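This report describes selected features of one protein model. The reader is invited to follow each named residue in the structure as the text proceeds.

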Amino acid sequence: MSYWPAVIVATPAHSNVAHALTYHCETALPVGCLVRVPLGRRDTLGIVAACDTQCPEGVDPASVKPISESLTALPPLGPDWLALVGFAAKYYQRGLGEVALAALPPELKKLDPTQLTRRLTRNTKIRSVAATDNDTPSQETPEASPEQRAALAGIAGADKPVLLFGATGSGKTEVYLQVAADCLAQDPTAQILVLVPEINLTPQLEARFFDRFGANHVVAMHSGLTPAQRLQSWLSAHLGHARVVLGTRMAVFASLPRLQLIVVDEEHDPSYKSQEGARYSARDLAIYRAHTQRSCRVILGSATPSLETWHAAGQGRYLRFDMPSRMGGAALPTLRLVDMQRQPKQTVLAQPLIEAIVERAQNGEQSLLLLNRRGYAPVLSCGACAWKSDCPHCSAFRVFHKSDRSLRCHHCGLAERVPHACPQCGNVDIQTVGRGTEQLEELVAGLLAHAAKADGTPLKVGRLDADTAKGKGQLDAHLAAMHGGAWDVLVGTQMVAKGHDFRRITLVAAINPDGGLYASDFRAPERLFALLMQAAGRAGRDAGFGSRAEMWVQTWHPDHPLFAALRHHDYAGFAARELAEREAATLPPYAAQALLRADAKTQAAAQDFLNAAKAQGQALADAVGVDLYPAVPLTIARIANVERAQLLVECANRAVLQRFLSQWQQDLHALRATAQGRGIIRWAIDVDPLAI
Ligand code: ADP
Ligand code: ZN
Ligand code: ZN
């Protein structure tokens, strides 16, 4: 008997090839089965979408190629998973094949049936929690606090997505662990997906899941794994062996046939939104997954939820449970604002802040200094002529890194030795402009050099940012230095603010956070507030030290309402004010947005393409009530000699915007072939963009 499977294959983005192609085979194949099929001159991995006994109408049977091999040893991908990738492709305006195949581990594409079978036999080791093995969970479950009990009871009865709104250190992670444990107690074959923004930064979280459920039942899924490890994790999840999958945004696409619970920790974190390929939001896909999959619940956790999530909870679309108190009675830090207008010129740290840091160190406590900019100085400049350390390939400055005396572009990666004299006029006195963490570390060490700890030894200053934590070993060493008390002061970028459970920090200072107050991006205040709350959350986590926990902010705008809200740890007040402004300006979450982006050799070519696209779509947009804005360059217009422009698409109604985008796509494909399209390197649609 003959079968005519429709096979989903990855075709290049925006090509005109349909996303499921017809092939031919002699045995019936289940939907979701992986196959290898000829495409062009090569064989490629595909997924069976349907398997008919007749050749579809309009297809010439003689032209249909047979499938090369079928990977039937592997259970087929389930209907829920196929629905997920189908939705993601449609919602984010990408090809189904592109999204579906990108969601599979790359290593899977290389295995032949024999290698696959070998892999599968190796993967039977992981069993259900009920099975006895030598890796039984070791951690005892602490008794839940009253706030945790209320949240647990609420979550147990929830029939909607849950927002767990809990202060930093309020015990949210413990709630996730207990909900997960309940879930497994009811069904030992259940699977749980836990999404986190960054795994490497929070090894403690991974350790807590390992300890509670046994390392054999928990698998990690993130880009730091080797291809073989990633395949191994994926198979454990797909075969139903792994009980808990702990991963970054990519893990939202894991095949989990027994999925019953999804946790999105720090749900506000921008890293859940992909910035390339299909620009999906893992948080939003988690909501979709839980919504469409039978008996699957979803918990979003945060101390500073995204305004989208907060708004949804306010409308009753999500259920909200609050945990305002910190564990062990530790107090949230008190805010101390330093008005920089009243400080002497060139002040790095205000004198009272220096004294406070020294006092903490003398008590055996630690301080954390946050400056969200790495390197020594963001710009080098010549006072004699107009030379600045521009990157020749980007519309950005190259950053001065003192440790290896290099000028490095943080956008294209160009690195050169710093010149001894101005390359333009020969002046040897080149100045640094501004400050990064590398310089702050040096300056702080200087400012503290006169002081000593109680035992007479000098204060030690360390630094944690993308430069000092390049290798995983380095990151671990730095975190250990801080946890172990080898450092008294830690200087770092936003990396230091995330999720760490440092017990001895009682003082956190934001050195110059003003950039977020008046930025053009309407989400900048939301991000700044979250960052400062997160940073503050690193202070006073242990009530034994935390009686006087303080958050210092050095600012030129001490009267800004954002700081008033920060002073009272008043996320709700901050959110209400921001939401009122968003509503007045019809910005998300009161409107849906998308960006059409184009990259080209010249800015004019990029903008011409976008404006031509606007002209083509205008009539339809007007008819349905979609706004198309003129093309503009991106904030950093040129990166690695590619000029970038974008056009904002906005509509009060998400569904209308969706329909418009999918129709407009046809125009865009056609336009690519015309004169306006020829200058374009690539174009893409970004749905629900995070940076405008
Ligand atoms: P969050 O995730 O909200 O930051 P955690 O779950 O990490 O909070 O809890 C903060 C600290 O309190 C952790 O050290 C954790 O082990 C501890 N903790 C959490 N819940 C309890 C509890 N019910 N009893 C005792 N300690 C707890
Ligand atoms: Zn010069
Ligand atoms: Zn560059």
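An oxygen atom of ligand 1 is 2.9 Å from a polar backbone atom of Lys172. This value, like the others in this report, was computed from a predicted model. Of the accessible area of 560 Å² that ligand 1 has on its own, the protein covers 75%. Two further backbone contacts belong to the preceding part of the chain: a backbone N or O atom of Gly171 lies 2.9 Å from an oxygen atom of ligand 1, and for Ser170 the corresponding distance is 3.2 Å.

The surroundings of ligand 1 comprise 17 residues, of which the closest are Glu143, Gln148, Lys172, Thr173 and Arg208. By character, this shell consists of seven charged, six polar and four nonpolar residues. Helix H5 (residues 172-186) contributes three residues, the most of any element. Domain 2 (115-327) and domain 3 (330-374 + 436-584) each supply at least three residues to the shell.

The model also contains zinc ions, whose sites are set out below.

| Zinc ion | Donor residues (atom) | Distances | Angles among donors |
|---|---|---|---|
| Ligand 2 | Cys382 (SG), Cys385 (SG), Cys422 (SG), Cys425 (SG) | 2.2 to 2.4 Å | 103 to 114° |
| Ligand 3 | Cys391 (SG), Cys394 (SG), Cys409 (SG), Cys412 (SG) | 2.2 to 2.3 Å | 106 to 112° |

Why is the arrangement around the zinc ion (ligand 2) described as tetrahedral? Its four donor atoms subtend angles of 103 to 114°, and the arrangement is therefore tetrahedral. The ideal angle for four tetrahedral donors is 109.5 degrees. The site of the zinc ion (ligand 3) is likewise tetrahedral.

The spacing of the donors in sequence is C-x2-C-x36-C-x2-C for ligand 2. Within this site, Cys385 and Cys422 link distant parts of the chain, 37 residues apart. Cys385 belongs to the loop between strand S15 (379-382) and strand S16 (399-401), while Cys422 belongs to the loop between strand S18 (415-417) and strand S19 (430-433). For ligand 3, the donor residues follow the spacing C-x2-C-x14-C-x2-C.

Finally, two features of the backbone deserve attention. Most residues other than glycine have a negative phi, and most peptide bonds are trans. The peptide bond from Pro588 to Pro589, however, is cis, with omega near 10°. Pro589 is located in the loop between helix H15 (571-584) and strand S24 (592-600). Asn641 is not a glycine, yet has a positive phi of about 65°. This residue, Asn641, is found in the loop between strand S26 (632-639) and strand S27 (642-651).

Terms used: Residues are numbered from 1 along each chain as its sequence is written. Chains are lettered from A and ligands numbered from 1 in the order in which they are written. This is a predicted model: local features need pLDDT of at least 70, side-chain atom pairs count only at pLDDT 80 or more; totals for chains, interfaces and linings use all residues. Side-chain values use heavy atoms; hydrogens and water are left out. A residue is near a molecule or strand if one of its heavy atoms lies within 4 Å of it. A polar contact is a pair of N or O atoms within 3.5 Å; within protein, one must be able to donate a hydrogen and the other to accept it, and residues adjacent in sequence count only if both atoms are side-chain atoms. Accessible areas come from the Shrake-Rupley method with a 1.4 Å probe; for residues, only the protein chains shown count as cover. Helices (H or I, at least four residues) and strands (E, at least two) are DSSP runs, numbered from the N terminus. Ala, Val, Leu, Ile, Met, Phe, Trp, Tyr, Cys and Pro count as nonpolar, Asp, Glu, Lys and Arg as charged, and the others, Gly among them, as polar. Domain bounds come from an automatic or database domain assignment. Donors are N, O and S atoms within 2.8 Å of the metal (3.2 Å for Na, K and Ca); water is not among the atoms, so sites may look incomplete. Four donors count as tetrahedral if all angles lie between 85 and 135 degrees; four count as square planar and six as octahedral if opposite donors are over 155 degrees apart and all others between 65 and 115; anything else is irregular.
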